[in-house]
Amino acid sequence: MSVLLPPPKRRKVYHGVQEPAPEPLKTTPNVVVQFVSEDDGSSLAPAVNLPANVSREALEGLVNKLSVKDEDPVPFSFSIELPADASTPGAPTRVVISKSIEDDVLSHPSKAFTPEDVFVIRCSPQAVFKVRPATRCSSTLSGHASPILCASFSPTGNLLATGSGDCTARLWDLFTETPSHTLSGHKGWVLCVEWEAMERKLATGGHDGHVRLWDPKTGKSVGDALKGHTKWVTSLAWEPIHINASSPRLASSSKDGTVRVWNVSTRHLEYALGGHSASVNVVRWGGGGTGGKGVLYTASSDRTVRVWDANGGKPLYTLKDHAHWVTTLTLNTDFVLRTGPYDHKGKKPVSDEEAQKFALERYNTLLASTPELLISGSDDHTLFLWSLFPSASDSAPPSTKPITRLTGHQRQISHVAFSPDGRWAASAGWDNAIRIWEGRKGKYVATLRGHVGPVYRLTWSADSRMVVSASKDTTLKIWDLKTYKLQNDLPGHTDEVYCVDFVADKVVSGGRDKTVKIWKN
């Protein structure tokens, strides 16, 4: 009996077209990788040969195994510098590895790399916590009768202070997102609000030339106004907690060309600094200087930045490199000086001595790999990066020459801010753009474009992974520092946004529409 074979299997037909042949498997090349530190360029591990499709998480595990011995794993971000001739003007100067070398570097549009290259991967330690980006407006707080000119979260993030053109400042409770106290006393616009880093007092400066101190628990004024300035107060700065925890002093700068340092306990003027010949626009109280006693940095419309010894007001340096008004300053220690003894762990000091110890530990940790750095921004469209007090390990003598000049903005600089970890700096200008710079050497990194009006203010998330910008175009925008792209657009204000601040996972903004908005995830 013969056996019949089954008929041949019919090929599938897709709408009359035969099934396409299977794609050949894509081969992944091997690449040679050298891990170096973002801080000083030192090698973290010997060069290794890896498949190009190894994930970013696997790279992180490898670096921790090779370099971080017997410690908890450290989160890293990885980037590769683009060759100078491969980047067009204005394009980012580095590629951030978010998936793998194959996906992010070998497939980069510039085609600057081939599998035969040695890939020098710069490793930057990240915060051990992650801040969630704000996506929605959780509260719209009305109460001010005029545009809101300044806003600042308290160091713990429990309270919010805002200052307005209605001659009052207001305190808001962030647990309930409701008004707490109205601070009345100024006879002119409230131009600046500044929290003491222990959250015991709030200082406000006004168009009336007065500085006032407030008790945030009761909302009552602490004594009378501190009088002495003959024109309006432009900026305030408290003495760092790691220098003086029991009764920090307060510095105020003014349009009258002077800076006054007040003893808050006795309510008397300690000394006045009169070296500037025009309006002093910003004052910053740094923790550097000889013996770590603190220094004052002042920026003025006389085109200079001056540095003063905080004990007695002796002039130390005069920096004359800018060609127009100097309008903004930032220190790489701003965040730790502002938050004092409070960090992401939420531990609260029980005494002034303990607070001073915590604050000093945080300050020294930040300065372990870099000295205290200063960036000044001016109406001459440029910024300068300065290192005036080298660290103890640095053999270089103090120098009044800038490390570098940061150019690229097409119009005046409105604001500059260091990231909390001091590794990056962001500058905003009247050219509608935000520029990101490497914080240690001032190298240009990327331009963030999206606003259609001048950008007034910037603030960083506590983990240094996001920057928030406030603009004349009525919006806030949150930018992702991993991709250098817009992460979230926050429309909602009906007019220009003058001020913005970021704490924990909350963003606050205020502006010409007289409302305070709180944004959350």
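This tour moves through a predicted model one selection at a time, from a mixed sheet and its core to the annotated repeats and a few individual residues.

**The mixed sheet**

Begin by selecting β3, β4, β5, β6 and β7, which belong to an open sheet of 5 strands in the order β4-β3-β7-β5-β6, with mixed pairing. At its edges are β4 (48-51) and β6 (94-96), each of which pairs on one side only. If you ignore direction, neighbouring strands of this sheet are turned by 40° against each other on average. Now add α1, which packs on the sheet and touches β3, β4, β5 and β7, while its direction makes about 100° with that of β5. Restrict the view next to β3 and β7, a pair that runs in the parallel sense over 6 bridges, and look for Val-36, which stands opposite Arg-122 in β7.

**The nonpolar cores**

Which residues touch the most other members of the largest nonpolar core? Select Phe-78, Phe-119 and Ile-121, which hold that position among the 21 residues of the core. The elements that each supply at least two residues of this core are β3 (30-37), α1 (56-67), β5 (76-81), α2 (101-106) and β7 (118-125). Centre on Phe-119 and display its contacts: leaving aside residues up to four places away in sequence, Phe-119 touches Val-31, Val-32, Val-33, Gln-34, Ile-80, Ile-101, Val-105, Leu-106, Phe-113 and Thr-114. A second, separate core has 17 residues, among them Trp-424, Val-467, Trp-479 and Tyr-484.

**A hairpin with a positive phi**

Stay with Tyr-484, and select β34 and β35 around it. Strand β34 (residues 476-480) pairs with strand β35 (residues 485-490) in the antiparallel sense over 5 bridges, and within this pairing Asp-480 stands opposite Lys-485 in β35. The hairpin has 4 residues between the strands, and in it Tyr-484 takes a positive phi near 60°. Tyr-484 is also one of the residues included in the second core of 17 residues.

**The annotated repeats**

For a wider view, colour the spans that UniProt, in an unreviewed entry, lists as "repeat: WD": residues 141-182, 183-224, 226-272, 273-318, 406-447, 448-489 and 490-521. Two of these spans can be inspected in turn. Residues 226-272 are 0% helix and 45% strand, and the end C-alpha atoms of the span lie 13 Å apart. Over residues 406-447 the chain is 0% helix and 55% strand, with the end C-alpha atoms 13 Å apart.

**A loop residue, Asn-244**

Within the first of those two spans, zoom to the loop between β16 (233-238) and β17 (250-254), where Asn-244 is found. Is Asn-244 buried or exposed? With a relative accessibility of 19%, Asn-244 counts as buried, because the cut-off for buried is under 20% relative accessible area. The side chains of Asn-244 and Ser-246 are joined by a polar contact of 3.5 Å. If residues up to four places away in sequence are not counted, Asn-244 touches Glu-239 and Gln-356.

**The antiparallel sheet**

Move on to β24, β25, β26 and β27, which form an open sheet of 4 strands in the order β24-β25-β26-β27, with antiparallel pairing. The edge strands here are β24 (326-331) and β27 (404-406), each pairing on one side only. Neighbouring strands of this sheet are turned by 25° against each other on average, direction ignored. Although β24 is an edge strand, 5 of its 6 residues are buried, so β24 is largely enclosed by the rest of the structure. Between β24 and β25, which run antiparallel, there are 5 bridges, and Thr-330 stands opposite Ile-375 in β25.

**Glu-372, the last stop**

Finally, select Glu-372, which is found in strand β25 (residues 372-378). Glu-372 is buried, with a relative accessible area of 4%. Which side chains make polar contacts with the side chain of Glu-372? Show Thr-333, whose side chain makes such a contact at 2.8 Å, and then Tyr-363, whose side chain is joined to that of Glu-372 by a polar contact of 3.0 Å. To end, add Gly-288: the C-alpha atoms of Glu-372 and Gly-288 are separated by 6.4 Å, although the two residues are 84 residues apart along the chain.

Terms used:
Residues numbered from 1 in each chain as written. Predicted model: local features only at pLDDT ≥ 70, side-chain atom pairs only at ≥ 80, totals over all residues. Heavy atoms only, no water. UniProt positions renumbered as here; feature names shortened; annotations may be inferred. Core = buried A, V, L, I, M, F, W, Y, C linked by side-chain atoms within 4.5 Å. Buried < 20%, exposed > 50% of the residue type's maximum accessible area, 1.4 Å probe, protein only. Contact = heavy atoms within 4.5 Å. Pairing = 2+ DSSP bridges. Axes fitted to C-alpha atoms, helices over the stretch in contact; angles between N-to-C directions. Polar contact = N/O pair within 3.5 Å; in protein donor to acceptor, adjacent residues only side chain to side chain.
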